[in-house]
Amino acid sequence: MSVTVRDVMGRVAIAVQEDAGFADIAAAMERYGVGAVAVVDAERRPVGVVSEDDLLLRETDEPGGIGGILDVGRRREHRRALGVTAAEIMSTPPVTVTPGTPVRVAARLMHEKRIKQLPVIDPVSGRIAGTVHQSDLLRIFNRPVEDVRADIMDVIRRQADPECLEIVIESGMVTLRGRVRRRSQVCHLVEGVRAVEGVIDVTTEITFARNDLAVPPLL
């Protein structure tokens, strides 16, 4: 699949300046119906992200100081909970993509980082150029699950015994479980399944009887 972020991204850059206040950040989230906004510097380069979770730190933070009983991570959260500007509240570094990033890579990032939108930056200037949402990417991968499963089965039949493998598909993420004869079959299966339209990424829980990829010891 050759579709890139450029083909699906929104041209509106959902972002606030570093000095934006708590209320301004919340208003931006409500206005655009998003759960996070990028924070940009004076040159419009992303320097962090403020999410709903970051704003809620203020409500969940325990009262009191930041004495020695708190570990380093907890102290950092406490300071952010007391913040009043985007620069003080934001999480860093921001996770970004460029217009040329393949949608598969962007979707994988969102899944791994558990986020629903990404700032899109110009690869030359580093300035924010737009925003891509999980819903934008999922439209590309929105094939019926049974169609995806059928294509995956075709790949498996060429590489292994389908009766020995289980396929789990969830939101474009595929998990393969089972056992094959050779380790090289696992590599071919992952490569083939990952190329199926509608698949974002592949996780394997496959064991093998023989490691035919092992390098023989030097004599």
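In the predicted model, I152 makes contact, beyond its neighbours within four places in sequence, with I167, I169, V174, L176, V193, V196 and V199. I152 also belongs to the largest nonpolar core, a set of 19 residues in which I152, V174, L176, L189, V193 and V199 are the members that touch the most others. Two or more residues of this core are contributed by each of the helices and strands α7 (145-159), β6, β7, α8 (183-194) and β8 (201-210). Separate from this set is a second core, which comprises 16 residues and includes M9, V103, V132 and L137.

Strand β4, which spans residues 117-121, is mostly covered, with 5 of its 5 residues buried. The covering extends to both faces of β4, since Q117, P119 and I121 on one side are buried, as are L118 and V120 on the other. The partner of β4 considered here is β5 (residues 128-133), to which β4 is joined by 5 bridges in an antiparallel arrangement, and within this pairing P119 of β4 stands opposite T131 of β5. The hairpin formed by β4 and β5 has 6 residues between the strands, and in this hairpin G126 adopts a positive phi near 80°.

Strands β4 and β5 also take part in the lining of the largest pocket, to which at least two residues each are supplied by β2 (36-40), β3 (46-51), α2 (52-60), β4, β5 and α6 (134-140). The space in this largest pocket amounts to about 650 Å³. Its lining consists of 28 residues, and those that lie nearest the centre of the pocket are A36, V49, S51, R114 and I115. When the lining of the largest pocket is divided by residue class, 12 residues are nonpolar, 10 are polar and 6 are charged.

For the second largest pocket, the computed volume is about 310 Å³. This pocket is lined by 16 residues, with H111, Q134, E170, S171 and M173 lying nearest its centre. At least two residues of the lining come from each of α5 (103-113), α6, β6 (165-170) and β7 (173-182). Helix α6 thus appears in the lining of the second largest pocket as well as in that of the largest pocket, while β6 and β7 contribute both to the second largest pocket and to the largest nonpolar core. By class, the lining of the second largest pocket is made up of 9 nonpolar, 4 polar and 3 charged residues.

Key:
Residues numbered from 1 in each chain as written. Predicted model: local features only at pLDDT ≥ 70, side-chain atom pairs only at ≥ 80, totals over all residues. Heavy atoms only, no water. Buried < 20%, exposed > 50% of the residue type's maximum accessible area, 1.4 Å probe, protein only. Helix = DSSP H or I, 4+ residues; strand = E, 2+ residues; numbered from the N terminus. Pairing = 2+ DSSP bridges. 1 Å grid on protein atoms, 1.4 Å probe; cavity = no way out; pocket = protein on both sides within 12 Å on 5 of 7 lines; lining within 4 Å. Points joined across faces, edges and corners; volume = space filled by probe spheres on them. Nonpolar A, V, L, I, M, F, W, Y, C, P; charged D, E, K, R; others polar. Core = buried A, V, L, I, M, F, W, Y, C linked by side-chain atoms within 4.5 Å. Contact = heavy atoms within 4.5 Å.
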